[in-house]
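Visitor: I've got a model open and some labels I'd like to poke at. Mind if I ask where they come from?

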Amino acid sequence: MASPRWLTAPQERAWRRYRRMRALLDLQIARDLHQDSGLSEADYDVLSTLSERRGECWRARDLAAQLLWSTSRLAHHVGRMEQRGLVARQPSADDGRGALISLTEDGWITLREAAPPHVASVRRHMIDLLTAEEIAALDTIAGKVITHLAGTDGGFDGRPGVSDARRRFGS
């Protein structure tokens, strides 16, 4: 058996700082999201993903796959969101076992109200701390790792212009 390829001191430092940054950033963004809108990260992920197809339903299994969740986790979470009036679930006409999930009007309003402070938090705690060159490097790094792990770049084409959120929320 070959000996392990240990990380060099700079590689180990970068790895540890990345892990610490990710943990702190995720905690702060989640804290801000909850304080500003009352939503959890999971709520926001479901609502924002559903908004990508405004007026259309998502098959539950497709939504779960997009979120990298199990269908069981999605079913439980969507059930709680449905009770709060944020999403609607209906049986699939094509598949009696499947479900279709969509945003309700209340869900759409909640997302539209949550998005601006959420983006402000992302900017405050990360984006505005970086130069354009650092953002480009981060995008390259993230794309490379996503492609390696998922076999795709995550569906982001990298075209300049109006962001997906701005297209959906109209500001």
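Visitor: What makes a residue part of the lining of the second largest pocket?
Guide: This is a predicted model, and a lining residue needs an atom within 4 Å of a pocket point. Arg59, Ala60, Arg61, Thr71, Leu74, Ala75, Arg89, Asp95, Arg97, Gly98, Ala99 and Ile101 make the list. The pocket's volume comes to about 180 Å³.

Visitor: Which elements give two or more residues to that lining?
Guide: That would be H3, helix H4 (71–83) and strand S3 (99–103). H4 supplies the largest share, 3 residues.

Visitor: How does the lining divide by class?
Guide: You get 5 nonpolar, 2 polar and 5 charged residues. Gly counts as polar, so Gly98 of the lining goes in the polar group.

Visitor: Why is Leu68 called exposed?
Guide: The cut-off for exposed is over 50% relative accessible area. Leu68 has 78%, so the label fits. Leu68 lies in the loop between H3 and H4, and its phi is near 60°, a positive value in a residue other than glycine.

Visitor: How do you know that H2 and H3 are in contact?
Guide: Contact takes heavy atoms within 4.5 Å. On the H2 side, Asp45, Val46, Thr49 and Leu50 make the contact, and on the H3 side Leu63, Gln66 and Leu67 do. By class that is 4 nonpolar, 2 polar and 1 charged.

Visitor: At what angle do the two helices pack?
Guide: H2 (residues 41–51) and H3 (residues 60–67) pack at about 115°, with axes 11 Å apart. Their crossing is right-handed.

Notes:
Residues numbered from 1 in each chain as written. Predicted model: local features only at pLDDT ≥ 70, side-chain atom pairs only at ≥ 80, totals over all residues. Heavy atoms only, no water. Axes fitted to C-alpha atoms, helices over the stretch in contact; angles between N-to-C directions. Helix = DSSP H or I, 4+ residues; strand = E, 2+ residues; numbered from the N terminus. Left-handed = near helix turned anticlockwise from the far one by under 90°. 1 Å grid on protein atoms, 1.4 Å probe; cavity = no way out; pocket = protein on both sides within 12 Å on 5 of 7 lines; lining within 4 Å. Points joined across faces, edges and corners; volume = space filled by probe spheres on them. Buried < 20%, exposed > 50% of the residue type's maximum accessible area, 1.4 Å probe, protein only.
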